[in-house]
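This briefing is meant to be read beside the sequence and the 3D view. Please keep both open while going through the points.

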Amino acid sequence: MRQKKTIIQDYITSKVKPVFDQLIARIVIEMPDDVYEWSINWLQKQQRGSQVLKIINHDLSEEEEEEEEVVLEIKQNKKQQTRSAVSAEVYGEYNKKEDFIPRFIQKSEGQIERIKKRILNSFMFQALDEKDLNIVLGAMDEKKFQVGDFVIKQGEDGNELYVIDEGRLECYKRFAGLEEEKLLKTYIPGESFGELALLYNAPRAATIKAIENVTTFALDRETFNNIVKFSAIKKREQMEEILNKIELLQSMDNYERVQLCDVLREEKHQAGHTIITEGEIGDRIYLIIEGELEAFSKKTNDKVYDYKPGDYFGELALLKNSPRQATVIAKTNVTLLYCDFNSFKRLMGPLEEVLKRNIERYEQYLQK
């Protein structure tokens with residue numbers, strides 16, 4: 001039994017993991033409608049183009065003599081080195097952290113505090129305990145870029161993620177069928193980028209260019225893989241699953257939705273709690289994950305709207321540049337995601353047109 005377990009472990013490490021690392025990474029980037037057909041075509045191309053993928057029609061429960069042949073073949077390929085897996089749960093106990101010695105870069109107390117302040121704004125680092133956080137702080141390397149410098153380029157391999165301390169950068173992405181690159185967003189201090197290549201073992205998904213002199217803190221792949229990656233993937237997958245249920249966000253591509261994860265914050269409220277109050281100045285838009293809420297207008301004493309999971313509210317103050325138009329109260333216990341207006345405009349500017357079209361759901365009440 002132990003020998004067979006070893007055989008399976010070696011087989012997963014040398015045969016299965018390299019293939020699925022690459023396959024899942026490409027699926028995340030391409031987002032095909034028919035995942036099965038796309039995957040089959042991709043696997044066939046890989047089979048023809050290299051020896052990375054081999055089809056092994058072997059039953060590990062066959063005679064001992066056949067098992068020995070499998071062991072020999074696996075051992076011959078065992079030296080092949082691959083990057084970390086896409087998800088900690090995928091390969092169970094066979095996908096454990098490797099022992100490693102993290103790099104340490106000497107810094108002043110001031111630098112450490114600046115880095116800590118910045119990285120704790122990103123959800124990827126918020127789940128780290130004190131020990132792991134200190135390892136990450138020690139491994140961060142300060143890097144500066146001049147106006148016009150390309151920090152990362154779409155399609156290239158990536159070995160670092162960056163947290164912005166000072167300056168602004170623009171993010172461009174080239175889409176299939178389009179000649180011109182599309183400007184997706186402008187990064188500002190406190191935001192991070194470059195993690196997709198590390199999370200999904202994939203090429204850079206976009207190009208990032210400095211439009212001001214920029215100071216960043218860079219984290220290397222090895223430290224990220226061993227300290228941050230698995231918890232970050234789990235958190236990001238949970239967040240993406242949630243965002244996929246929000247109708248407003250359906251027109252966003254995967255890259256835009258991933259960037260949104262970094263600026264959203266979660267909060268929970270008990271039934272009866274007032275989330276926003278009519279007449280107040282608002283600076284947040286809310287997405288509903290769990291629970292139900294009701295909106296009321298003081299002008300008419302009427303219920304304006306019933307909210308359910310997948311809905312959003314708070315957008316009127318953003319679109320009309322005015323105080324809150326209604327009071328929203330939790331009808332049940334609720335879980336919400338929210339982001340400030342500046343982040344919303346920066347990341348989801350095109351969605352403003354969708355929001356404007358949907359204002360009509362309130363108009364009959366607000367015009368009374």
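The points below go from the whole chain to strand pairing, aromatic rings and charged side chains.

The model is predicted. The protein chain has 13 helices and 16 strands. Of its 368 residues, 47% are buried.

**Whole chain**

- Among contacts in the protein chain with a separation of 6 or more, 75% are between residues 24 or more positions apart.
- The exposed area of the protein chain is about 19800 Å², and carbon and sulfur atoms supply 47% of that area.

**Strand pairing**

- Strands of a sheet pair through backbone hydrogen bonds, in either a parallel or an antiparallel way.
- One open sheet holds 4 strands in the order β9-β16-β11-β14, and its pairing is antiparallel.
- Its edge strands are β9 (265-269) and β14 (312-313), each of which pairs on one side only.
- Strand β9 is joined to β16 (residues 334-340) by 5 bridges in the antiparallel sense. Here glutamate 267 lies opposite leucine 336 of β16.
- Strand β7 (residues 207-210) pairs with β2 (residues 150-152) in the antiparallel sense, over 2 bridges. In this pairing isoleucine 152 stands opposite isoleucine 208 of β7.
- Strand β7 also pairs with β4 (residues 169-173), again in the antiparallel sense, over 4 bridges. Lysine 209 of β7 has glutamate 170 opposite.

**Aromatic rings**

- A pair of aromatic rings is described by how far apart the centres are and by the angle of the planes.
- The model contains 7 aromatic pairs.
- Phenylalanine 145 and tyrosine 162 form an edge-to-face pair, because their planes stand at 75°, with ring centres 6.1 Å apart. The two residues are 17 residues apart in the chain, with phenylalanine 145 in strand β1 (residues 141-145) and tyrosine 162 in strand β3 (residues 160-166). Both phenylalanine 145 and tyrosine 162 are buried.
- Tyrosine 286 and phenylalanine 313 are a stacked pair, because their planes are at 10° and their ring centres are 4.9 Å apart. This pair links strand β11 (residues 284-290), which holds tyrosine 286, to strand β14, which holds phenylalanine 313, across 27 residues.
- Tyrosine 286 has a relative accessible area of 5% and is therefore buried. Phenylalanine 313 is at 0% relative accessibility, so it is buried as well.
- Tyr286 and Phe313 belong to one aromatic cluster together with Tyr305, Tyr307 and Tyr338.

**Charges over rings**

- The charged end of arginine 284 sits over the ring of tyrosine 338, 3.8 Å from the ring centre.
- Lysine 185 places its charged end over the ring of tyrosine 187, at 4.0 Å from the ring centre.

**Salt bridges**

- Side chains of opposite charge can pair when their charged atoms come close.
- The model has 14 salt bridges.
- Lysine 143 and glutamate 160 form a salt bridge through their side chains, at 2.7 Å from N to O. Lysine 143 lies in strand β1 and glutamate 160 in strand β3, 17 residues apart, and the pair links distant parts of the chain.
- What is the relative accessibility of lysine 143? Lysine 143 is at 25% and so counts as partly exposed. Its partner glutamate 160 is at 11% relative accessibility and so counts as buried.
- Lysine 185 also forms a salt bridge, with the side chain of glutamate 191, at 3.3 Å from N to O. Lysine 185 and glutamate 191 are both buried.
- In the salt bridge between lysine 308 and aspartate 311, the closest N and O atoms are 3.7 Å apart. Lysine 308 is partly exposed, because its relative accessible area is 49%. Aspartate 311 has a relative accessible area of 10% and is therefore buried.
- Arg114, Arg118, Glu142, Lys144 and Asp165 are joined into one network by salt bridges that share partners.

Terms used. Residues numbered from 1 in each chain as written. Predicted model: local features only at pLDDT ≥ 70, side-chain atom pairs only at ≥ 80, totals over all residues. Heavy atoms only, no water. Pairing = 2+ DSSP bridges. Phe/Tyr/Trp six-rings, centres within 6.5 Å; stacked < 30°, edge-to-face > 60°. Buried < 20%, exposed > 50% of the residue type's maximum accessible area, 1.4 Å probe, protein only. Lys NZ or Arg CZ within 6 Å of the ring centre and 35° of its normal. Contact = heavy atoms within 4.5 Å. Areas by Shrake-Rupley, 256 points an atom, 1.4 Å probe, with all protein chains shown as cover. Salt bridge = Lys/Arg side-chain N within 4 Å of Asp/Glu carboxyl O.
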